[in-house]
Amino acid sequence: MTLQLPKGTRDFKPEEAIVRNKIVNALRDVFETYGYSPLETPAFERYDILASKYAGGAEILKETFKFKDQGKRDLALRYDLTVPMCRFVGMNPNIKMPFKRYQIGDVFRDGPVESARYRQFTQCDVDVVGIKGMTADAEIIAITQRAFKKLGFDAAIKVNNRKLLNDLLAYAGIKKEKLDTVLLTIDKLGKFGLDTVKKELKDKKISNETIKKIIGTINIIGDNKEKINKIKKIINKSEGITEIEELFSLLKTLNVDAEFDVSLARGLSYYTGTVIEVYLKNSKVKSAVCAGGRYDKMIGSFLGKGDFPAVGISFGLDRIYDAYVERAKTQQKTVTKVYIIPIGTFNESLKIAEELRNENIRVDIDLTGKGPSKNLQYANSLGIPYVLFIGEDELKQGKVKLKDMNSGKEQLMTAEELIIFLDKNLG
């Protein structure tokens, strides 16, 4: 048998998984700092839920892994975490509002495989349901800025509003029935450039005059205030521009730096207002590492009734990981902080290992009976910071010998001194 991974997937070695866990833990910490609680949903859903016209839209269904169970029911692997969350809220009508949740889990898309794009990837979502105003949108963007700062990235946060973009396209002459398909094309502007967008609009039977008008309206330049003022001269009334003004006023209060990007569309059809994309400055990862927006109609549409305003954002763990390791000088190969080498004292060493673990110290111990030299080579190859020698002479003195693997320094200490030392030096 030839052992191969499915195309578009990858394994993560321990040193890679350790980095991913660091990123996830940092994101989780930020989410919970803002009062968001965890939610878990199944990796697969009923196909009719994911295929609903209120969900991700026709474009994403082309990339959906669909299958049948033994009862011949149509199922599919989830392509995002937003639709399952909306299904959950719809099934739990007594849930307290606002409902603030985060979810971290794998999603699946049978799309083209390319750099920084995978068929199985991990999303880290944070959403709030039940708030109509821009206060929720501003909080989501504030969470985003805080998260990337915590991870040590300089992030460019781009923001637009679908209502505003719809109004601008209507001004340019796009009929309502063609809005969705034109938005999908505009969404490709950042990735494929102006010429590709113009050609695709022509292919969709949009006139040259209308295309010129579209490009003129979405290519507005200047700072955020200048862009808003220019748009006000083009369209007199727009709920979208009112929301953008309110949002940027709140972001200023929160000291959040974001760019108003009039061309930002987001491809998914369920967005109804604010849309957000985040890129990393000074990184080889050029794709968006985080994206989201407001989707006020999805939950109520599933139920056929009710008002469930919602806004959220999704952090792409795989792309953030790629950017994180790009700048890392070394990779941590193990979570172990102390490695115990018993020298004719295995039973006593086991007891000491358990005592250290009771103090929340991450301890490994030689279970094979190797000699000190080979054990030191093993600990050094994994980058374990401290090695503990436990021999009969040390035990007679009521002490153990600790070796700092970085400096090579060795010192004898009592159990109490050891715990104080490790607590101080391992944090």
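Of the 427 residues in this protein, 47% count as buried. The model is predicted. With the whole chain in view, the C-alpha trace spans about 90 × 55 × 45 Å along its principal axes. Colouring by secondary structure brings up 18 helices and 16 strands. If contacts between residues at least 6 apart in sequence are drawn, 68% of them join residues at least 24 apart.

**Stop one: α1 against α5**

Select residues 14-33, which form helix α1. Add residues 134-150, which form helix α5. The two helices, α1 and α5, pack at an angle of about 145°, and their axes are 9 Å apart. Their crossing is right-handed. To see the contact itself, show side chains for Ala26, Leu27, Asp29, Val30 and Phe31 on the α1 side. On the α5 side, the residues that meet them are Ile143, Arg146, Ala147 and Lys150. By type, the residues of this contact divide into 6 nonpolar and 3 charged, with no polar ones.

**Stop two: α5 against α12**

Keep α5 on screen and select residues 239-253, helix α12. How far apart are the axes of α5 and α12, and at what angle do the helices pack? The axes are 9 Å apart and the angle is about 50°, which makes α5 oblique to α12. The crossing is right-handed here. For the side chains, pick Met134, Thr135, Asp137, Ala138 and Ile141 in α5. They meet Glu243, Glu246, Leu247, Leu250 and Leu251 in α12. The residues of the contact between α5 and α12 comprise 6 nonpolar, 1 polar and 3 charged.

**Stop three: glutamine 103**

Move to strand β5, residues 99-108, and centre on glutamine 103. Is glutamine 103 buried or exposed? Its relative accessibility is 3%, so glutamine 103 counts as buried, the cut-off being under 20%. Turn on the side chain of threonine 41 as well: a polar contact of 2.9 Å joins it to the side chain of glutamine 103. To fill in the surroundings, leave aside the neighbours within four places in sequence and select what glutamine 103 contacts. That selection holds Leu39, Glu40 and Thr41, then Arg78 and Leu81, and finally Gln123, Cys124 and Asp125.

**Stop four: the bond before proline 98**

Step back along the chain to the loop between α4 (82-91) and β5, where proline 98 has its place. Which form does the peptide bond from methionine 97 to proline 98 take? The bond is cis, with omega near -5°.

**Stop five: two loop residues with positive phi**

Select lysine 72, in the loop between β3 (66-68) and β4 (74-77). Lysine 72 is not a glycine, yet its phi is positive, about 65°. Its relative accessible area is 65%, so lysine 72 is exposed; exposed means over 50%.

Then go to asparagine 360, in the loop between α15 (346-358) and β13 (363-365). Asparagine 360 has a positive phi of about 65° and is not a glycine either. With a relative accessible area of 72%, asparagine 360 is exposed.

Technical notes
Residues numbered from 1 in each chain as written. Predicted model: local features only at pLDDT ≥ 70, side-chain atom pairs only at ≥ 80, totals over all residues. Heavy atoms only, no water. Axes fitted to C-alpha atoms, helices over the stretch in contact; angles between N-to-C directions. Helix = DSSP H or I, 4+ residues; strand = E, 2+ residues; numbered from the N terminus. Parallel < 35°, antiparallel > 145°, perpendicular 65-115°, else oblique. Left-handed = near helix turned anticlockwise from the far one by under 90°. Contact = heavy atoms within 4.5 Å. Nonpolar A, V, L, I, M, F, W, Y, C, P; charged D, E, K, R; others polar. Buried < 20%, exposed > 50% of the residue type's maximum accessible area, 1.4 Å probe, protein only. Polar contact = N/O pair within 3.5 Å; in protein donor to acceptor, adjacent residues only side chain to side chain.
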